[in-house]
Amino acid sequence: MANVAMTSPLAPVVAALEGLRRRHPALTCSVVPGLVITPTADWTRAINPEAAAVLLVLGWTRARRVPLLLPSETYLNRAGQLGVRRADIAVLADDPAAGSPGVLVAADRDELLALVADHAGPDMPRLELARHVRHLTALLATPALPKPRRRHPVLQP
């Protein structure tokens with residue numbers, strides 16, 4: 001497994017992935033720890049829609065950076081875990097990484113999602129990816145804060 005330099009635009013996504021792995025290992029079992037790999041004979045070029053959805057949702061909700069999985073750079077190991085040799089990143093214009101090599105800038109969220117779809121290639125089953133994205137978005141949504149309890153007027157000092 002290769003390490004991601006902390007200055008890499010992908011680093012916040014990997015950090016968010018590993019943080020989620022500690023709290024919810026079942027959600028991240030489809031992605032190899034550290035995400036970035038050096039492919040060997042044990043790796044096959046392929047894309048796992050469940051893992052792609054994890055990276056898409058986690059990247060956006062936790063790091064505001066979305067990995068663009070390039071089919072030629074995306075691999076699965078024998079356990080079915082996804083790893084990438086390289087991934088570009090899609091960000092919004094206000095991200096500090098905008099303008100860096102390997103970073104595509106989107107004008108808004110819709111354009112960002114279009115970039116993800118364009119880079120996924122024909123091997124990514126769109127409907128399956130969409131189903132996983134909806135499921136993960138619901139699981140990772142931050143619960144609303146409880147409403148403050150009002151004190152009873154008679155009991156107030």
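Me: In which loop does N77 lie?
Reply: In this predicted model, two strands flank the residue, namely β4, which covers 74–76, and β5, which covers 82–84. N77 therefore belongs to neither strand, being placed in the loop between β4 and β5.

Me: Is N77 buried or exposed?
Reply: The relative accessibility of N77 is 17%, and a residue is called buried when that value is under 20%. Because 17% falls under this cut-off, N77 counts as buried.

Me: Which backbone nitrogen does the side chain of N77 reach at 2.9 Å?
Reply: A polar atom of the N77 side chain lies 3.0 Å from the backbone nitrogen of A79, which is one of the candidates to consider. The distance of 2.9 Å, however, belongs to the backbone nitrogen of Q81.

Me: Which residues is N77 in contact with, leaving aside its neighbours within four places in sequence?
Reply: Setting those neighbours aside removes A79 and Q81 from consideration, since both are within four places of N77. The contacts of N77 that are left are V32, D42 and W43.

Me: Which strands stand at the edges of the open sheet that contains β4 and β5?
Reply: Four strands form this open sheet, with mixed pairing and the order β1-β5-β4-β2. A strand with a single partner has one side left without a neighbour in the sheet, and this applies to β1 (31–36) and β2 (44–45). The strands at the edges are therefore β1 and β2.

Me: Over how many bridges do β4 and β5 pair, and in which sense?
Reply: One pair of residues to look at is T74 and V84 in β5, which stand opposite each other. Taken as a whole, the pairing of β4 with β5 is antiparallel and extends over three bridges.

Me: At about what angle to β1 does helix α3 run?
Reply: Helix α3, made up of residues 49–63, lies across β1 and β5. Relative to β1, the helix runs at about 55 degrees.

Me: Why is strand β6 largely enclosed by the rest of the structure?
Reply: Strand β6 spans residues 88–92, and its burial can be judged residue by residue. The strand is largely enclosed because the buried residues number four of the five.

Me: Which strand runs parallel to β6?
Reply: Strand β3 (residues 66–68) also pairs with β6, but in the antiparallel sense over three bridges, with V66 standing opposite A90. On the other hand, L92 has A106 as its bridge partner in β7, and four bridges join β6 to this strand of residues 103–106. The strand that runs parallel to β6 is β7.

Terms used: Residues numbered from 1 in each chain as written. Predicted model: local features only at pLDDT ≥ 70, side-chain atom pairs only at ≥ 80, totals over all residues. Heavy atoms only, no water. Buried < 20%, exposed > 50% of the residue type's maximum accessible area, 1.4 Å probe, protein only. Polar contact = N/O pair within 3.5 Å; in protein donor to acceptor, adjacent residues only side chain to side chain. Contact = heavy atoms within 4.5 Å. Pairing = 2+ DSSP bridges. Axes fitted to C-alpha atoms, helices over the stretch in contact; angles between N-to-C directions.
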